[in-house]
Amino acid sequence: SHCPCFHQVWSSAEPHHSEEERQPWALYPWRNQGEGRGLFRVKRDWIIPPIRVLENSKQVPEDLVQIKSDKIFTGEVIYKLEGPGVDQEPKNLFEIDDKTGVIRSKRPLDREKHSSFTLKAFALSPSGERLENPTTIEIVVLDQNDNRPVFTESQFVGTVSEFSVPGTSVMSVLATDADDPMTENAFLSYSIIGQESVPANAVTKTMFGINNQTGAIYTRDVGLDREVVKSFRLKLQVADMGGMGLTREGVAIIHVSDINNHAPQFSPDSYSMTAVENRGDYEIGRVNVTDRDDPGTGNWEAKYSISNDPDGNFAISTDSATNQGVLMVVKPLDFEARHEYVLKLTVENHNPLSNKAPNLPVSTATVVVTVMNENEAPHFREDPIQIVVLESVAPGTLLKSDIAFDPDNSDLRYEINRDPERWLDIDRDTGDITAKRSFNMRSPHIKNNIYNAVVKVTDADGVSTTATVAITLKETNDFAPQLFPSERLYTHAMLHPRVELQEGEYAVTVLVSDSGRPVLSAYTQVNVTVCLCDSFGDCKSEAGAVLGSSMGISFIALIIIMASIALLLLLLLLAVAVTSCGRRHHIKKGTGLLVGESEDDIRDNVLNYDEQGGGEEDENAFNIDLLWKPHDAPSTPGSYYPGVPRGKQPLRKDAPHNLPSPTYPRRPPADPTDIEDYINDGLEAADNDPNVPPYDTALIYDYEGEGSLAGSLSSIASGSSDGDQDYDYLNDWGPRFQKLANMYEPR
């Protein structure tokens with residue numbers, strides 16, 4: 001059988017030998033039996049060891065290996081090579097001689113880019129037919145120490161606390177090498193080759209060390225004081241080949257950090273400041289401290305406090321830029337109350353003091369604050385000024401005193417700024433507020449029973465202030481109830497005859513009382529006409545209706561009416577001297593009504609009263625006493641008002657009280673010419689009677705009571721009976737006597 005041969009020339013990676021040793025030798029990768037040089041069999045395939053090529057070779061192109069087939073062909077054999085470095089990226093690094101099978105490197109190789117290549121070799125006929133199966137060729141690139149180590153950072157920065165003990169870890173540095181990490185070419189070693197302090201030459205001894213394998217930096221000596229040295233600049237070096245190969249330099253900056261080993265101190269420790277009274281939230285001065293710790297840190301920043309300000313009049317804060325203490329007045333001061341304050345200040349840092357700091361007492365300072373006096377406005381003791389008073393207060397009554405004061409103890413002047421009803425007076429010097437006149441609850445300036453006014457006070461320097469006077473009015477019972485039949489009814493009383501009444505006019509006195517405190521009452525005389533009623537409930541006699549159309553009759557009207565009646569009776573008596581007296585008509589008890597002509601006539605309606613106004617307690621029922629006096633009732637005090645205790649009757653104001661009543665004429669004269677004198681005597685007695693109601697109301701004499709000794713007026717002229725008289729001639733006397741004619745018309 002034919003055995004393929006594999007011829008390999010010496011590469012630059014191999015050691016140099018003599019000329020005889022460099023003779024080509026052949027490998028037969030397609031050999032079926034036995035072994036060729038460099039070949040070994042694994043199972044059914046032949047494995048060719050990797051071909052080693054040194055990177056960065058200057059001998060290019062360089063023959064690396066030659067492959068051959070041991071078969072004998074009648075024709076030509078053509079060799080081909082495929083794979084990365086040939087026809088795949090990176091292309092054109094290797095080539096094969098298609099006739100001889102020699103594989104060459106065309107350019108220098110770089111292990112850091114491509115550490116190995118795996119290629120396929122083919123033996124083909126000229127027609128392209130495969131004569132053998134393809135075989136694998138592996139090329140390994142050998143490393144050279146062609147890369148320096150590189151620090152991972154251009155400048156390393158670290159921090160170490162001042163007064164750190166030796167061996168304290170500070171920081172670590174790191175470098176890399178692109179060479180083969182499995183070789184000495186990438187074995188790195190670290191070192192510190194220089195040290196500088198900031199400030200320069202502040203520290204000259206070596207303060208730091210470094211682990212040459214890990215790059216960890218640590219302290220080597222004592223003496224790191226931030227007040228002496230702020231930082232260090234270290235010059236670093238890293239080398240491969242265990243410190244014997246290529247090198248690179250770097251920089252590490254190490255700052256010495258501050259610890260709070262210095263307490264703040266006041267400088268100076270005493271101050272004098274001034275403050276203006278009656279102002280708050282303003283700065284009055286600053287205090288200074290010194291601290292050797294690092295500015296801008298919590299070890300340097302001061303925190304102030306005031307140890308003797310129980311009322312909280314002052315406050316102190318820290319200016320973060322200057323570290324000064326800013327003293328402020330937060331509550332207005334009063335010069336009259338206190339004109340000087342002595343404050344004790346203390347200071348400390350925000351961060352707690354280190355145990356390495358000197359053991360010193362806390363720094364303190366004294367601040368003397370002088371309060372400056374200024375003219376203050378007067379102050380009212382209350383605003384609004386509250387006053388509660390009865391509406392019926394008497395003029396001149398003192399309502400309020402001591403309403404204001406002046407902090408500067410100057411004289412004050414008072415005046416009323418606003419008083420729409422002019423109800424108030426104020427003393428210009430004392431400020432006493434008095435009532436000028438009684439109040440009126442119905443004023444439009446009273447809202448919810450409160451009347452508002454404004455007073456003003458001014459000090460000697462013209463500084464003034466005002467306050468509202470809020471007067472709460474309490475209503476008093478100062479109006480007695482009155483009867484007004486034409487008004488709306490609130491409560492009522494009904495008049496009923498208690499005995500049989502004759503036709504005629506009656507004066508009934510009504511007592512109306514309210515339920516206020518005090519109780520007020522009033523007497524009202526009501527004229528009542530008693531008459532025969534028609535089917536509609538109206539009086540048949542119009543004379544009574546005319547007289548009963550009002551609540552009462554004035555004195556002048558009474559005189560006119562009585563004079564007219566007297567004249568009429570005189571003419572009538574002269575004309576009918578021979579006629580008999582008229583018929584007397586009676587109304588049985590309980591069978592008639594007390595009626596009037598109009599709807600408003602009090603004799604035909606319920607009696608009502610008019611309320612005094614809101615706030616009165618008049619809404620409760622009245623106590624109404626209905627009083628009337630028959631003509632023949634006894635004319636003695638007390639008997640004139642049945643049911644009223646003695647001494648409680650209404651009295652006239654124009655006559656002394658408790659005087660005996662004059663004697664009233666008891667019987668009419670027999671002679672008709674004496675009728676005028678009889679009437680005048682009765683009027684005079686009524687005018688001089690102090691016990692009658694306080695109204696000018698005539699006494700009624702037309703009802704003498706049951707069993708009276710007085711006879712009818714008709715008996716004055718004639719003793720004949722009514723049936724013997726003919727009164728038709730009265731119809732001829734004209735309209736004035738028509739009423740009288742109707743009264744005596746035949747039945």
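## A hairpin: β24 and β25

Ser317 stands opposite Val326 in β25. This pair comes from a predicted model. Ser317 belongs to strand β24, which covers residues 314-318. Its partner β25 covers residues 325-329. The two strands pair in the antiparallel sense, and five bridges hold the register between them.

Six residues lie between the strands of this hairpin. Among them is Asn323, which takes a positive phi near 65°.

## A three-stranded open sheet

Another part of the chain forms an open sheet of three strands. The order is β30-β34-β33, with antiparallel pairing. β30 (398-400) and β33 (424-426) stand at the edges. Each has a single partner strand, so one side of each is left without a neighbour in the sheet. From one strand to the next, the twist averages 35°.

How many bridges join β30 to β34? There are two, and the strands run antiparallel. Strand β34 spans residues 433-435. Within β34, Ile433 is the bridge partner of Lys400.

Strands of a sheet pair through backbone hydrogen bonds, in either a parallel or an antiparallel arrangement.

## Ile259: a buried loop residue

Ile259 sits in a loop. The strand before this loop is β18 (247-257), and the strand after it is β19 (265-266).

Is Ile259 buried or exposed? Its relative accessible area is 15%. Buried means under 20%, so Ile259 counts as buried.

Which residues does Ile259 touch, leaving aside its neighbours within four places in sequence? The contacts are Ser161, Glu162, Phe163, Asp293, Asn299, Ser354 and Lys356. Gly298 offers a distance to check: the C-alpha atoms of Ile259 and Gly298 are 9.6 Å apart. In sequence, these two residues are 39 residues apart.

## The chain as a whole

The protein chain has 44 strands and four helices. It holds 747 residues, and buried residues make up 40% of them.

Next, the contacts. Take those in the protein chain with a separation of 6 or more. Residues 24 or more positions apart account for 69% of these contacts.

Finally, the surface. The protein chain exposes about 41200 Å². Carbon and sulfur atoms supply 50% of that area.

Terms used: Residues numbered from 1 in each chain as written. Predicted model: local features only at pLDDT ≥ 70, side-chain atom pairs only at ≥ 80, totals over all residues. Heavy atoms only, no water. Pairing = 2+ DSSP bridges. Buried < 20%, exposed > 50% of the residue type's maximum accessible area, 1.4 Å probe, protein only. Contact = heavy atoms within 4.5 Å. Axes fitted to C-alpha atoms, helices over the stretch in contact; angles between N-to-C directions. Areas by Shrake-Rupley, 256 points an atom, 1.4 Å probe, with all protein chains shown as cover.
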